[in-house]
Amino acid sequence: MKRVVVTGIGATTPLAGDANASWQALLAGKSGISTLEQDWVAQYEIPVTFAGQAKISALDILTPQEAKRLDPSSQFALISAREAWADAGEPEVEPERLAVDFATGIGGVWTLLDAFDTLKERGPRRVLPMTVPMLMPNGPAAAIGMALGARAGVHTAVSACASGNEAIANAFHRIQRGEADVVVAGGAEAAIHPLPISAFAAMHALSKRNDSPEQASRPYDTDRDGFVMGEGAGALVLETLDSATARGAKIYCEIVGGSVTSDSYHITAPDPEGAGAARAMLQALEQARASIEDVEHVNAHATSTPVGDIAEYTAIKRVFGSHTDNLLVAATKASTGHLLGGAGAIEAVFTIMALKEQLVPPTINLDNQDPNIPLNVPRTSMALSRPDAVAISNSFGFGGHNAVLAFRAV
Amino acid sequence: MAHSQQEVLAGLAELVNDETGITADAVQMDKSFTDDLDIDSISMMTIVVNAEDKFGVKIPDEEVKNLITVADAVNFITENQD
């Protein structure tokens, strides 16, 4: 099977408007979480008044006509994909050999609910004709496919908060199997809207630390009380090693594994034994032909929920045993919040940068580490020791989805 | 108050620009919406609905297919406004 490398990255996140600036802000220990100033917070008495809003508005980047025809989730997707494509040097690839795998967890929720308001207030004739193509979950992938002229297939994985990782895993296998030479892969989310916030709050999934938003996302801390919603997108350009070498492209690292499993245990709760998550990690390492000792860095799912963080630790311990103590773990949602369908994609960007710069980013807000989660989580950035280190990035989603990516430094 | 033909053309050009980015100058009476201005049917429907609001006119769906050129639209709006 073909070897696959990463040649381009892009992101728009609560930390910054591009991948490198987001990485730098992460290294600097910044928080992208802030109080929501929108009128609807007070209007509906939303119980959670903060989130990780995109640092740079998509409307500052896109033309008004582009923005008008794209849901905010597709706007973020297009911005990150264009950055990744430019970063990869705009590879000259036959359209029939170029594919897109781009995910979202929720889809065009702003478009859908705005359209319903229009219907109720102004009648069916005033509903925008573009409503359906804007709200459909494949909208972000389709927008990227159109922009780049991809004709080897445009695909969307939808598996809640595992979506971004699942899309990248699918892209990896697509290239391995020879179905495409280059794939733009990633995920986007734009769900900082009163309805999803209210719904997540109703299930007690969100942190309620309204008085100190920057401290609210605190994975592994004893005082963690839920996740913090974030928005944005991350994108990768993946291509065959042969293609990258032939065109003299810069190579960030190799993607060596992408595994998806399912718990079928509970619709929202993780399997407390972590069996499905552990299988996903093990399978990703098998695909990588890596031993557990080869793994030096884990970008954990770690959303800052009381139950989820422990379940992931249990799964990690199950896979790595005594090597767990040697893993340098980063919980980057502490800085970005949880981008749902975009989470895996921006965390892939961070994992790739960690391997390229041989530097594990810090995890902020970890003041009192939960004694039940004795992972090695650096508070300041820490160097990797192996130039051929393997790193994995975990994502898990409602529905019992587990998706794990593995990358190797080159 | 009724809008003059010139006012309707200028207003329509604004709506076309807003929806598609086509410069208002390009929206001239003899231009075809599809062949010259490359406006697709979805954008056309959005422009029609916005024109109804702007000019206080009802443009029935079955009428839209007859609006081939900018002049067709300007004339229909001018003749049918409140």
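Which element of chain B has the lowest mean pLDDT, and which the highest? Select helix 3 (residues 61-64) of chain B for the lowest, at 92, and helix 4 (residues 70-80) of chain B for the highest, at 96. Here pLDDT is the predictor's confidence in each residue, from 0 to 100. Helices (H or I, at least four residues) and strands (E, at least two) are DSSP runs, numbered from the N terminus.

**Ground rules**

This is a predicted model: local features need pLDDT of at least 70, side-chain atom pairs count only at pLDDT 80 or more, and totals for chains, interfaces and linings use all residues. Residues are numbered from 1 along each chain as its sequence is written, while chains are lettered from A and ligands numbered from 1 in the order in which they are written. The model scores ipTM 0.82 and pTM 0.95.

**Stop 1: chain B**

Colour chain B by confidence. The average pLDDT of chain B is 94, and 99% of the residues score at least 70. Where pLDDT is low, the predicted coordinates should not be read in detail.

Switch to cartoon. Chain B has four helices and zero strands. From the N terminus on, its elements run α-α-α-α. The C-alpha atoms of chain B fill a box of roughly 30 × 25 × 20 Å along the principal axes. The radius of gyration of chain B is 11 Å, which agrees with the value near 12 Å for a compact globule of 82 residues. That radius is taken over C-alpha atoms, and the globule rule is 2.2 Å times the number of residues to the power 0.38.

Next, burial. A residue is buried if 20 or more other C-beta atoms lie within 10 Å of its own, exposed if 12 or fewer, and partly exposed in between, with C-beta atoms placed from the backbone. By that count, 27% of the 82 residues of chain B are buried.

**Stop 2: where the chains meet**

Show both chains. Two residues are in contact if their C-beta atoms, placed from the backbone, lie within 7 Å. The contact takes six residues from chain B and seven residues from chain A. Select helix 2 (residues 41-55) of chain B: with four residues, this helix gives the most to the side of chain B that touches chain A. By class, that side has three nonpolar, three polar and no charged residues. Ala, Val, Leu, Ile, Met, Phe, Trp, Tyr, Cys and Pro count as nonpolar, Asp, Glu, Lys and Arg as charged, and the others, Gly among them, as polar.

**Stop 3: chain A as a whole**

Hide chain B. The secondary structure of chain A comes to 14 helices and 14 strands. Its C-alpha atoms fill a box of roughly 60 × 50 × 40 Å along the principal axes. A compact globule of 410 residues would have a radius of gyration near 22 Å, and the 20 Å of chain A agrees. Of the 410 residues of chain A, 59% count as buried. Among contacts in chain A between residues at least 6 apart in sequence, 81% join residues at least 24 apart.

**Stop 4: two domains**

Colour domain 1 (4-246) and domain 2 (255-409) of chain A separately. The bounds come from an automatic or database domain assignment. The centres of the two domains are 20 Å apart, taken over C-alpha atoms. Their contact takes 63 residues from domain 1 and 56 residues from domain 2 of chain A. On the domain 1 side, strand 1 (4-12), helix 8 (163-176) and strand 7 (232-240) of chain A are among the elements that each supply at least two residues. Helix 8 of chain A provides the largest share of that side, eight residues. The residues of the domain 1 side divide into 33 nonpolar, 22 polar and eight charged.

**Stop 5: the cores**

A nonpolar core is a set of buried Ala, Val, Leu, Ile, Met, Phe, Trp, Tyr and Cys residues joined through C-beta atoms within 7 Å. Which residues touch the most other members of the largest one? Select A:V184 and A:L238, out of 135 residues in this core. Helix 14 (residues 343-357) of chain A gives the most to this core, with ten residues. The core draws at least three residues from each of domain 1 and domain 2 of chain A.

Zoom in on A:L238. Beyond its neighbours within four places in sequence, its contacts include A:V4, A:F172, A:V183 and A:I255. A second, separate core of 18 residues includes B:V27, B:V48, B:A51 and B:L67.

**Last stop: A:L27**

Select A:L27, in helix 1 (residues 19-27) of chain A. Is A:L27 buried or partly exposed? A:L27 is partly exposed, because 19 other C-beta atoms lie within 10 Å. Leaving aside neighbours within four places in sequence, A:L27 is in contact with A:P361 and A:S381. Now add A:F350: A:L27 and A:F350 are 323 residues apart in sequence and 9.9 Å apart in space, C-alpha to C-alpha.
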